[in-house]
Amino acid sequence: MVTISNAHEGLIHDAVLDYYGKRLATCSSDKTIKIFEVDGDDYKLVETLKGHEGPVWQLSWAHPKFGVVLASCSYDGKVLIWKEEKGIWKNIAEHSVHQASVNSISWAPSEYGALLLCTSSDGQCSVVEFEADGNQKTVVWRADAVGVNAGTWAPPQRDNAKEKRVVTGGCDNLVKIWRFDTQKNTYVQEEELKGHTDWVRDVAWSQCLLSKFYIASASQDRTVIIWTKDVANANATWRKQLLRSDKFPDVCWRVSWSMSGNVLAVSGGDNKVTLWKENLNGDWEQVGEVDQ
């Protein structure tokens with residue numbers, strides 16, 4: 001295990017590798033973002049990005065077809081877009097439509113273009129499209145009466161790759177699926193998935209399109225739910241399954257699917273990351289654990 005010491009002066013909230021695993025970006029309560037070059041077990045700090053006025057909660061790398069681009073979101077209500085060209089990092093855009101903390105950001109599948117989903121404590125979601133000429137197109141909609149904690153994109157469907165969907169989790173204890181309505185030019189609620197008894201802290205939609213859609217949701221109620229739906233059956237309904245029969249030791253903060261889409265990582269308040277995989281019987285088994 002590699003340890004990077006003295007990276008930030010405050011609590012680190014997110015750490016993400018880029019598409020090729022050559023850059024690591026971290027963000028912190030100290031309001032900064034650190035960029036590291038990765039070479040095997042060697043992590044070299046190459047840049048510290050400053051621009052946010054509050055704790056930086058999350059980071060998201062864009063697909064490399066758009067260049068070396070990183071998005072960051074913060075308690076200050078802003079989303080900043082950073083780009084590296086010839087070794088120099090610049091803040092190239094700002095998205096500031098939200099009236100409270102922006103809690104999560106997620107770049108869309110590259111087939112859709114440079115679209116970024118943002119969720120906020122003001123109860124709204126936004127999708128901002130960054131066009132090649134530098135203009136921005138923004139769609140904003142209310143997703144929760146209290147606040148939205150997390151959101152991510154559905155994988156493009158084979159039969160209708162242009163139909164965009166996102167999933168969100170909020171303070172109303174619900175997981176919601178939204179579909180972009182081209183006539184209304186906004187995202188409309190398609191599904192409302194009930195199962196949690198406290199705030200939904202994170203949601204993750206597996207990007208590997210198998211025979212079923214897989215969504216994982218993590219909650220303050222110390223549970224993780226796996227939601228599945230048959231891909232081929234247009235009339236299929238979402239089914240829910242607890243990842244484990246008993247509750248986790250502490251609040252479940254984050255869920256993340258592997259690139260292959262069949263391994264789920266869960267992190268929680270007990271400072272552990274557990275790895276889970278579905279067996280041939282459709283049950284989920286723990287296959288690994290990392291003590292942080």
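User: How many aromatic pairs does the structure hold?
Analyst: This is a predicted model, where local features need pLDDT of at least 70, side-chain atom pairs count only at pLDDT 80 or more, and totals for chains, interfaces and linings use all residues. Residues are numbered from 1 along each chain as its sequence is written, and side-chain values use heavy atoms, without hydrogens and water. Rings of Phe, Tyr and Trp (its six-membered ring) pair if their centres lie within 6.5 Å. By this rule the number of aromatic pairs is 15.

User: Is the pair of W107 and F130 stacked, edge-to-face or tilted?
Analyst: Planes under 30 degrees apart count as stacked, over 60 as edge-to-face and the rest as tilted. The ring centres of W107 and F130 lie 5.9 Å apart and the planes stand at 55 degrees, so the pair is tilted.

User: How many residues apart are W107 and F130?
Analyst: Both W107 and F130 are buried (under 20% relative accessible area, with a 1.4 Å probe and protein chains only). W107 belongs to strand β9 (residues 102-107) and F130 to strand β11 (residues 124-130), strands being DSSP runs of E with at least two residues, numbered from the N terminus. The pair thus links distant parts of the chain, and the separation in residues is 23.

User: Which residues form one aromatic cluster?
Analyst: The cluster has two Trp residues, a Phe and a Tyr. Its members are W141, W178, F180 and Y187.

User: How many salt bridges does a search of the whole structure find?
Analyst: A salt bridge is a side-chain nitrogen of Lys or Arg within 4 Å of a carboxyl oxygen of Asp or Glu. Searching the whole structure gives a number of salt bridges equal to 17.

User: Which strand holds E94, the salt bridge partner of K78?
Analyst: The closest N and O atoms of K78 and E94 are 4.0 Å apart. K78 sits in the loop between β6 (68-74) and β7 (79-85), 16 residues from E94. The strand that contains E94, residues 88-95, is β8.

User: How far apart in sequence are the parts tied together by K212 and E278?
Analyst: The side chains of K212 and E278 meet in a salt bridge at 3.8 Å, N to O. K212 lies in strand β18 (residues 212-219) and E278 in strand β23 (residues 272-278), so the separation of the parts in residues is 66.

User: Is K212 buried or exposed?
Analyst: Relative accessible area over 50% is exposed, and values between that and the buried limit are partly exposed. Its partner E278, at 23%, counts as partly exposed. At 18% relative accessibility, K212 is buried.

User: Which residue forms a salt bridge with K272?
Analyst: K272 in strand β23 pairs with a residue 17 positions away in strand β24 (residues 284-291). The closest N and O atoms are 3.6 Å apart, and the partner is E289.

User: Which residues are joined into one network by salt bridges that share partners?
Analyst: The network holds two Glu and two Arg residues. They are E163, R165, R179 and E190.

User: Which residues gather in a patch of negative charge on the surface?
Analyst: A patch takes residues with over 30% relative accessible area (Shrake-Rupley, 1.4 Å probe) and no salt bridge, like charges being joined within 9 Å. One member, D39, is in strand β3 (residues 32-39) and is exposed at 59%. The patch consists of E37, D39, D41 and D42.

User: How far apart in space are L117 and R201?
Analyst: L117 belongs to strand β10 (residues 115-120) and is buried, with a relative accessible area of 0%. L117 and R201 are 84 residues apart in sequence, and their C-alpha to C-alpha distance is 16 Å.

Technical notes
Patch = residues over 30% accessible without salt bridge, like charges linked within 9 Å, V, L, I, M, F, W, Y side chains within 5 Å. Lys, Arg positive; Asp, Glu negative; His and termini not counted. Charge placed at Lys NZ, Arg CZ, Asp CG, Glu CD. Helix = DSSP H or I, 4+ residues; strand = E, 2+ residues; numbered from the N terminus.
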